[in-house]
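The following note sets out several points on the packing, pairing and burial in the model under review. Each point may be checked against the coordinates.

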Amino acid sequence: MILDKVNNPTDLSDLSFGDMAQLADEMRGLIIKKVNTIGGHLGPNLGIVETIIAMHYVFNAPKDKFIFDVSHQCYSHKILTGRKEGFLNPEKYLTYTGYTAPEESEYDLFKVGHTSTSVSLASGVAKARDLKGEKYNVVALIGDGSLSGGEALEGLNNGAVLGSNFIVIVNDNDQSIAENHGGLYDNLRELRENQGEAENNFFKGLGYDYYFVKEGNNVEALVDTFKKVKDIDRPVVVHVCTQKGKGCKVAEENREAFHWILPGALDKKPESFAAEESYNSITNDFILNKVKSDKTLVAINAGTPGVFGWDKAFREKLGKQYTDVGIAEEHACAYGSALAKSGAKPIWAVMSSFVQRTYDQLSQDLCLNSSPITMLVYWGGISSADATHLCTFDIPLIKNIPNMVYLAPVYKEEYLAMLNWAVEQTKYPVAIRVPNLELVSKGEDKTDYSILNKYQVTQQGADVAILGLGNFYPLAEKVANLLKSEFGLNPTLINPRFITGVDEELMESLKSNHKFVITLEDGLLDGGFGEMITRFYGGSDMKVLNYGAAKEFTDRTPIEELYTRYRLKPELIVEDVNSLL
């Protein structure tokens, strides 16, 4: 293997272009095997291999700074920078994160996992270099899909006037996670079709020098261009055309589905992907049924339709009643708010980890104006995810904004009732935390959700009351059963449903025959639901125990370890209650 000769980027100087082409093939094989074993980003990493090889061949990292966008392209970079054991040895597959990480290597400058950030970060690095009178290349790598994000455009705008070395490599594979959307992509297409010679050039219009590389999977062509821009004294964009999923036929043919895969995805036959009923499927069925009779309903997402199961067939059925704004959550929020204010019925789906990208728009554009949007928050909860994609922060972020109604359903019919109410009402912005639970049916829900902050008592008892919010209602049931079996207690069990307010009447009534209240929430405790309940009881004798996540960035920490750390196990909670009793 050529890779045997390469232990760090300087070893590339001893290779011919033929060797480097073979090296690219070997690296792809390692990436395919590892990702199919443990899951991860497949398509974007396969397409960028030659670019990464050429970058390390021409530039002198880590003195020259490479800033990656999203990190979806960093696997081959890691292989070349001393971490190839994490790809060669299956026992080491989990040694390194799937994102750039400074604690792993001096070749990684930032820990990043959200999109559209690289150009802004690189502009700050370049400015600091200039202020200190230092000399090195600053290279930002960004994909075409990431260009739709506001921060990418802000970074390009300011980077253009640095007046010093600033190199932006645009990896254009004509694909975001799904297809690209927006006027910018018409210009990229025009540039591709005209070999970079189109009169209309977005990058030149901003003030950048511009180079075009048609054969973005040809190391020699890339090296030739990178040598031209190395040590340049002004901002420049190198527009590189690559093949997403290159080297893996199924990933080349189905670029959306194989952007990111679960373990074993490459071994499955297409029919094995047939979906069982889930919160994704019932949401999509709800939307498709609604649009048949309501031409004002619009489904919105920001470049991540796969998270919600919004596949190509679903999108085509919606037609004009579907909008993918690109990777631009800020715009999605404001766009949805304006739709709602103008009489349409927007349903905006967003992954929990991406909510924080648009906090100001949630507050100002949406809630300050009380626009009746329906916001579906997916994947919210404590998990073993990378630090860049934690979904534990949405409750404090959303619940503390005035006018917002944030709901936490537990079962199928409850969720659908909330969803229908949210879409049809016209008073509030409504967010629904889509359950991270196995789909359970408990019968029709006739709750009038226009009467805000009314909790559901599912089991009447005494002494101890347990509020199990959303995903953690089943945990509340287990705690109640354990308290009954071990101590003969008959706890009151409550499904709060509303995250954003206190059922003051119910909470007040508990004072008469309860000594303890337990709150369970699948998210951050600080600023969360439980603290709101504790504050309500602050001046009384009621003791309150709050359970949820600590304020910390975890990184691929096993979920069972987190549950033990946070005492989110029935036996640990019962142990705490017993000590108070």
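1. The present model is a predicted one. A convenient place to begin is a single pair of residues: V457 stands opposite I494 in strand β16. This pair belongs to the ladder between β14 and β16 (residues 492-495), where 3 bridges join the two strands in an antiparallel arrangement.

2. To which sheet do β14 and β16 belong, and in what order do its strands lie? They are part of an open sheet of 5 strands, ordered β14-β16-β15-β17-β18, in which the pairing is mixed. Its edges are formed by β14 (456-459) and β18 (543-549), each of which pairs on one side only. Between neighbouring strands of this sheet the average turn is 25°, direction ignored. In general, strands of a sheet pair through backbone hydrogen bonds, in either the parallel or the antiparallel sense.

3. The mixed sheet also carries a helix. Helix α23 lies across β15 (463-468), β17 (514-524) and β18, and runs at about 160° to β18.

4. Helix α23 (residues 570-580) has a helical partner as well, namely α19 (residues 473-487): the two pack at an angle of about 55°, and their axes are 9 Å apart. The range from 65 to 115 degrees counts as roughly perpendicular and angles under 35 as roughly parallel, so α19 is described as oblique to α23. The crossing of α19 past α23 is right-handed. From α19, the residues L475, K478, V479, L482, L483, E486 and F487 take part, and they meet P570, E571, I573, V574, V577 and N578 of α23. Sorted by class, this contact comprises 9 nonpolar, 1 polar and 3 charged residues.

5. A second helix pair merits separate mention. Helix α1 (residues 17-38) packs with helix α4 (residues 75-83) at about 110°, their axes being 10 Å apart; α1 is therefore roughly perpendicular to α4. The crossing of α1 and α4 is right-handed. On the α1 side the contact is made by L23, M27, I31 and V35, and on the α4 side by Y75, S76, I79 and L80. Which classes of residue make up the contact of α1 with α4? There are 7 nonpolar residues and 1 polar residue, with no charged residues.

6. The model contains an open sheet with parallel pairing, whose 5 strands follow the order β2-β3-β4-β6-β5. Here the edge strands are β2 (65-68) and β5, each pairing on one side only. Neighbouring strands are turned by 20° against each other on average, direction ignored. Helix α8 (residues 183-193) packs on this sheet and touches β4, β5 and β6, its direction making about 75° with that of β6.

7. Strand β6 (residues 235-241) has a partner on either side in this order. With β4 (residues 166-172) it shares 7 bridges, the two strands running parallel; in that ladder H239 of β6 is the bridge partner of V170. With β5 (residues 209-213) the pairing is again in the parallel sense, over 5 bridges, and Y210 stands opposite V237 of β6.

8. Is strand β6 buried or exposed? Because 7 of its 7 residues are buried, β6 is largely enclosed by the rest of the structure. Burial extends to both directions of its side chains: P235, V237, H239 and C241 point one way, V236, V238 and V240 point the other way, and all are buried.

9. Two individual residues may be added. E414 is placed in helix α18 (residues 412-424). The cut-off for a buried residue is under 20% relative accessible area; E414 has 0% and is therefore buried. Leaving aside neighbours within four places in sequence, E414 is in contact with P409, D445, Y449, Q456, N495 and R497. The C-alpha atom of E414 is separated by 8.6 Å from that of G443, which is 29 residues away along the chain.

10. The other residue, S105, lies in the loop between α5 (85-88) and α6 (118-132). At a relative accessibility of 9%, S105 counts as buried. Apart from neighbours within four places in sequence, S105 is in contact with T81 and R83.

Terms used: Residues are numbered from 1 along each chain as its sequence is written. This is a predicted model: local features need pLDDT of at least 70, side-chain atom pairs count only at pLDDT 80 or more; totals for chains, interfaces and linings use all residues. Side-chain values use heavy atoms; hydrogens and water are left out. Axes are lines fitted to C-alpha atoms, for helices over the stretch in contact, and angles run from 0 to 180 degrees between N-to-C directions. Helices (H or I, at least four residues) and strands (E, at least two) are DSSP runs, numbered from the N terminus. Angles under 35 degrees count as roughly parallel, over 145 as roughly antiparallel, 65 to 115 as roughly perpendicular and the rest as oblique. A crossing is left-handed if the near helix is turned anticlockwise from the far one by less than a right angle, and right-handed if clockwise. Contact means heavy atoms within 4.5 Å. Ala, Val, Leu, Ile, Met, Phe, Trp, Tyr, Cys and Pro count as nonpolar, Asp, Glu, Lys and Arg as charged, and the others, Gly among them, as polar. Buried means under 20% relative accessible area, exposed over 50%, partly exposed in between (1.4 Å probe, protein chains only). Two strands pair if DSSP finds at least two bridges between them.
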